[in-house]
Every structure is written in structure tokens, then in C-alpha cells.
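Reader: Hi! I'm new to reading protein models and would love a close look at one single part. Could you walk me through it slowly?

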Amino acid sequence: MSGIELKFLLDELTSSQLGARVKALKLATGRPKTRMLRSIYFDTADHALKKAGITLRLRRDGRRWIQTVKTKPKLHRGLSQVGEEENPAPGGRLCLVAIPDAAVREEVVRRVNGAPLELICETVIRRSASELSLEDGTRAELAIDIGEIHAGERSAELRELEIELIEGSLGGLFDIARLLFPDGGLRFSRLSKAARGYLFAEQGWIDPPLAPRNAEDAVLDQAQIAEQAARNLLRECLDQIATNVVVIRKLDDPEGPHQLRIGLRRLRSAFSVCASVLKCPEMTRLNMEARWLGQEVGRLRDLDVVANNIVRREAEAHADEPGLPPLADALSRQAGGLRDHLRKLLPGARAQAFLIDLARFVEAGGWLVPQDFGQTERLAAPVVQLAGKALSKRWKKVSKRAQGLEALTVEQRHDLRKELKTLRYAVEFFSPLYPAKRAEPFLKQLKNLQAVFGDLNDAAMIRAMLTGAEAPGAGDPTAQRAIGWVIGASQARAEFGWAGAKTLWENLDETRLFWK
């Protein structure tokens, strides 16, 4: 047996409003049922089951004790898919030989290997459950779990929502989430209760400390088909985006907006390089929503960069320029106002709908177009075929934009910069499919050239930001001198780098195309 459920974290206010929302929507087929669930999780002293992706649990549900084994859980932005085996456990006693599935039973017994099983953690949950149904035939159980996790002498509160599929389409789970929370504020649950319990037992918290999430390599290998690889690329982008949305809401770390913007740019690049297998109206719509959100985040990120990475750097290097520190402070105050704006926008309805719809697109195959009869063949193509075509296409675009590089206008330089960035993301996406000794020299030369265009972009951004209508320092000669200093320094840095751009381009152009 396997279970598919969508999981969200709740706060006290949201959990108290859910019942009324379900009633108003008339989705429930009966009255909610409330019961207490006590779950005890067991493992060996060295956590052999956890290492194998196995969870062993005894649960008391009313007067019954049930033994459950869950195998290889997969959690992507709240969507949990697990294998699950249950059997009665009279008296609340473990009995491994009673596990119904022979293969699962043998695997558990092999992993335990005769070692004593110890209590790792325990949850005591009050569950209010209702069965919901949609007009398309989707049936799901909505469970609101409120209770505590215990490990040793410690305890922590947990509020969680689970929407478990009973019958119908996977996409229906996401439809239910949108109906229940139209006004925003949802947080995907990143961990199962068991995983939270282990973390609590081992480290004393039920969620890892919140921190900006950098991009990571997606799980790709040459045995995959194009559809599998594209889904894994999108999952990685979604994870980076969703995590950094929460980071911005909860922390002042300027790395949060930076990593969110990177995640949104990588998502749009993934849409581009996988367009041959994913392109459809929904992908186009999601791409536009990612562009909108990226622009909102980008304004804050640009201010953070100018205030902290550029003006303060100049202030530290040139203490004899008294206008630089106040300029940095003024820009930081502007950034604070944008951060407040973003913190109101991100939990809102539009941003939340984007995240839920993106998760649905990724997990429920939102790219499938029934009337596109050639799509099946394209989706089933080897991933190396997808990678080769995508990288060649991006390289061709870059080569075209780079013609006559020394004579490019400001607008043409900007267009080339964008093509280089998309090429870099494509290289980073697909390089795990190729030997590192072939891919790394190309990526190194690409990064060197990108750095030059980054300085050009910074110079243009600084000029626009510090000479616009909202620029700080109007009427203040000291501030105006500081602004002139920063603009001049950034322009000089950009021009110095541009002087070597032709050589850097030639180095990249002469580097072996590793995917050929």
C-alpha cells in the first residue's frame, strides 16, 4: 500500500479557521471526526532503519494498537509519497514477523539484525479529519493535527495539515489547498512527523534552523528520460524558491532575497532549456508569474547590493570621504522599506497561488497536453538528447549575440549578459551528466566572462538607482559627492573589465563544448 498526501504547517489562527472554511465551501461529505493518536517510533541504537529510509511505528488509535512500517519517504514541497504496511499490534507490542509484505518484512529484519529496538520519539496528536470531494471526482481526507512531539525529557508543539488522496487525480490535492487557503500564508511542511521526531531526539529541534538555501545539483543520470530529468530540475528550483520565501519572511539576512532571485531565474532557465518537452500554456503562465515575483524581489536585492556590497565597501576603503557612510545608511533604510513590502507580498494570495500551482505542475505532470500526440515521444527521449539539444541551442544564441563584441551597444551588452546567464544555468543543470574534467573548463571560462558583464550591470544599476527621482541625497552636497564617487568607481571597474572582454570571449569560444 502507498499513501500520497500534501502537508502544510499551520499556526494557531489558521488551524482554528479551517473548520469554518471547509463548512463554507461545502466540500465535506460528513461531519469531521476527532480522535487522539499516540504514535511511538522505534529504531536500533545506531538508527539502522532510518539510514535505510524505513520508519517503524506503533500507533494507538482509540483502543486499537497498529504497527506501521513506512518505506523510502519522498517529500517535495509538502507532497509526501510513501510505501506503507500496517497490521494489528495486540497489547501495543512490536512484532516484525507480522509485517504483511514479505519483501518489506525481510528488509526490516535484515536491517535490525537482531539488535534491540529502542523508543526514539513519540507524538500525541489530536486529529480532526473530514472527507472532502471535488466535482472532478477527487476524494481526499483532510486531517488537522494539533499536538506535541516528545523525545526524552523534551517536548515541542506541532500544528500540521495533511490532505491525503483517497481517489482521483493527484492535482486534486493542490486544488483543495487553493480552495482552503485563498488568501495566502501557507507553508509547505518539509519533514514527516518521524523525521521531526528523530531531529528532536538528536538535535533538540523539530525543524532545522532556518537559513538561506543555495542552489544544488538536481538528481540527474544518463539512464533517465527527458521527463524525469526535467521534473528533477524543476523540483530543485521549487525547493530553493519555497525555502527562501520563508527565509525572507522570517529573517533579515540579505542572502535570502539573493537566493530567491537566483531560484526564480533558475526556474525560468529550466523552463527554457526544457521547453521542447514541457512547453504548454501553464508553463508559459508560471514563467510570467516567476518573472513578476523576480522583479519584486530584485528591487530589494539590488538595494542590498548597492548599500552593503558596494557603498560600504567604498566607505571602508576611503575613510576620508565622509558622505559614503550616510549614503549607505540611507540606502539601507530604503531596503528596509522594500523588505517590509516583500514580507506582506510573499504570504499573499498571488505569491502563494504561484507556489501551489508550481508544485502541482511539477508533481502532477502539469505539462501533459492530451492533444499533443508527439509529446509522449519527446518526454521519453534520453536525457542526454535533451541536454545536448538545449546546450547547443543556448550556445548558438550566445555566439550570435557575441558577434562584434567590442562594438556592442549598452542594450546589446545587456542582451548578451542575459544569454550568458541562461547558458550558465543550463551548463550547471546538465553538467552532472558529463565527466567533470570535460565540463569544468567550460564552466570556468564562462564564469570569467560573466563576471565582466556583472560589473557592467552593477555600474548601470548604480547609475539608475543613485540618479533617479527617489535617489537619496538631493540638495546635500556631501551626499552628491559620495554618489559621484560611487558611480565613478563602479564605472571605472566596469570599463577596466570590459577591456579584457574580447580575450575572455575568445578563451570561451576556443574551449571544448563538453556536450559534443
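In which helix does leucine 386 lie? And what can you tell me about the surroundings?

Author: Happy to help! Keep in mind that this is a predicted model. Leucine 386 belongs to helix 13, which covers residues 383-401. Let's start with how covered this residue is. Leucine 386 has a relative accessible area of 5%, and buried means under 20%, so leucine 386 counts as buried.

Now for the company around this residue. If you set aside the neighbours within four places in sequence, leucine 386 is in contact with Ala226, Val273, Cys274, Ser276 and Phe430. Take cysteine 274 from that list: 112 residues separate cysteine 274 from leucine 386 in sequence, yet their C-alpha atoms are 7.4 Å apart in space.

Two other names on the list, Val273 and Phe430, lead us to another pair of helices. Val273 is in helix 7 and Phe430 is in helix 14, and both take part in the meeting of these helices. On the helix 7 side, the residues involved also include Ile262, Arg265, Arg266, Ser269 and Ala270. Helix 14 brings Lys421, Thr422, Tyr425, Ala426 and Phe429 along with Phe430. Sorted by class, this contact of helix 7 with helix 14 has 7 nonpolar, 2 polar and 3 charged residues.

How are the two helices arranged? The axes of helix 7 (residues 255-273) and helix 14 (residues 410-430) come within 9 Å and cross at roughly 80°. Angles of 65 to 115 degrees count as roughly perpendicular, and helix 7 and helix 14 are therefore roughly perpendicular to each other.

So, to retrace the path: buried leucine 386 touches Val273 and Phe430, which are among the residues where helix 7 and helix 14 meet.

Note on methods. Residues are numbered from 1 along each chain as its sequence is written. This is a predicted model: local features need pLDDT of at least 70, side-chain atom pairs count only at pLDDT 80 or more; totals for chains, interfaces and linings use all residues. Side-chain values use heavy atoms; hydrogens and water are left out. Axes are lines fitted to C-alpha atoms, for helices over the stretch in contact, and angles run from 0 to 180 degrees between N-to-C directions. Helices (H or I, at least four residues) and strands (E, at least two) are DSSP runs, numbered from the N terminus. Angles under 35 degrees count as roughly parallel, over 145 as roughly antiparallel, 65 to 115 as roughly perpendicular and the rest as oblique. Contact means heavy atoms within 4.5 Å. Ala, Val, Leu, Ile, Met, Phe, Trp, Tyr, Cys and Pro count as nonpolar, Asp, Glu, Lys and Arg as charged, and the others, Gly among them, as polar. Buried means under 20% relative accessible area, exposed over 50%, partly exposed in between (1.4 Å probe, protein chains only).
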